[in-house]
Amino acid sequence: MRTNHILRILTICMTFLAVLVTSACAPATGQKLSIQYYSPLKNAIYVSTGATIAVRYGPLLTQKSISALHFEITGSQSGVHLGHTLLADDQKTVIFKPDSRFTPGETVKVVLNSLHMSWLTAYPSLSYSFTVALNQKPGGVGAHPAPPPDNPPNAAYPKIGRAHV
């Protein structure tokens, strides 16, 4: 009789432990991990021909944790861009540095696979495009769009029916 009581208590304890372990190991529902920042932004225009792609995740990363990341960078005119992936000094940002410059005026498509930190933690894949500036000042920083033909080069806005005072 005493043995049956001990077996019953042991069975209850084992069942409780199995439920506890199962619930602790199950992925959390409703918790979505998201990328904190990326650059250039989706649909950005006037991006430099020498731009790099940066993606900031939340947790600290290691070279091992980013080793499975795969950037697919394709220019509409220049084609596939090879390059190398770096971990920034903040240990949260991954930088893709293309080996060759983008072609002025082209649309660039960025595709990045998901980042799996563990079997419980994963960041979603990323897919977007941006447009490279058509005109840049040689040796200048950033992009400089060509001014519309009816406006002076330094005009911020087109002249629209200004009243004379």
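In strand 7, the residue that bridges to F71 is L112. That pairing is a handy way into this predicted model, as F71 belongs to a strand with a clear two-faced pattern. Along strand 3 (residues 71–75), F71, I73 and G75 point to one face and are buried, while E72 and T74 point to the other face and are not buried. This fits a familiar rule: in a regular strand, side chains alternate between the two faces of the sheet.

Strand 3 has partners in strand 7 and strand 4. Strand 7 (residues 107–112) runs antiparallel to strand 3, and five bridges join the two. Strand 4 (residues 79–81) is also antiparallel to strand 3, this time with three bridges. Getting from strand 3 to strand 4 takes a hairpin of three residues.

T74, in strand 3, shows how these pairings look from a single residue. Its bridge partner in strand 4 is V80. Leaving out neighbours within four places in sequence, T74 is in contact with G79, V80, T107, V108 and K109. The C-alpha atoms of T74 and V108 sit 5.6 Å apart, although the two residues are 34 positions apart in sequence. With a relative accessible area of 34%, T74 counts as partly exposed, because that value falls between the 20% and 50% cut-offs.

The buried face of strand 3 leads on to the nonpolar core. The largest such core has 26 residues, and the members touching the most others are I53, V55, Y57, F71, I73 and F130. Strand 2, strand 3, strand 6, strand 7 and strand 10 (126–131) each put in at least two residues of this core. As a general tendency, nonpolar side chains in soluble globular proteins are buried together. V55 gives a feel for the surroundings: setting aside residues up to four places away in sequence, V55 touches I35, Y37, Y38, F71, K92, T93, V94, L112 and L126. Both F71 and L112, the bridge partners from the opening, turn up among those contacts.

Zooming out, the protein has two helices and 10 strands. Their order along the sequence is α-β-β-α-β-β-β-β-β-β-β-β. Of the 165 residues, 24% are buried. Among contacts between residues at least 6 apart in sequence, 61% join residues at least 24 apart. The exposed surface comes to about 11800 Å², with carbon and sulfur atoms supplying 60% of it.

Helix 2 (residues 63–66) holds S65. At 18% relative accessibility S65 counts as buried, since the cut-off for that label is under 20%. The S65 side chain reaches the backbone nitrogen of T62 at 2.8 Å. Not counting residues up to four places away in sequence, S65 touches L115 and M117.

Charge pairing is a short story here, as the structure holds one salt bridge. D90 and R56 form it, with their closest N and O atoms 2.6 Å apart. The pair ties together distant parts of the chain, 34 residues apart: D90 is in the loop between strand 5 (83–87) and strand 6 (93–98), and R56 is in strand 2 (residues 53–56). Side chains of opposite charge can pair when their charged atoms come close. D90, at 31% relative accessibility, counts as partly exposed; R56, at 24%, is also classed as partly exposed.

Note on methods. Residues are numbered from 1 along each chain as its sequence is written. This is a predicted model: local features need pLDDT of at least 70, side-chain atom pairs count only at pLDDT 80 or more; totals for chains, interfaces and linings use all residues. Side-chain values use heavy atoms; hydrogens and water are left out. A salt bridge is a side-chain nitrogen of Lys or Arg within 4 Å of a carboxyl oxygen of Asp or Glu. Helices (H or I, at least four residues) and strands (E, at least two) are DSSP runs, numbered from the N terminus. Buried means under 20% relative accessible area, exposed over 50%, partly exposed in between (1.4 Å probe, protein chains only). Contact means heavy atoms within 4.5 Å. Accessible areas come from the Shrake-Rupley method with a 1.4 Å probe; for residues, only the protein chains shown count as cover. A polar contact is a pair of N or O atoms within 3.5 Å; within protein, one must be able to donate a hydrogen and the other to accept it, and residues adjacent in sequence count only if both atoms are side-chain atoms. Two strands pair if DSSP finds at least two bridges between them. A nonpolar core is a set of buried Ala, Val, Leu, Ile, Met, Phe, Trp, Tyr and Cys residues joined through side-chain atoms within 4.5 Å.
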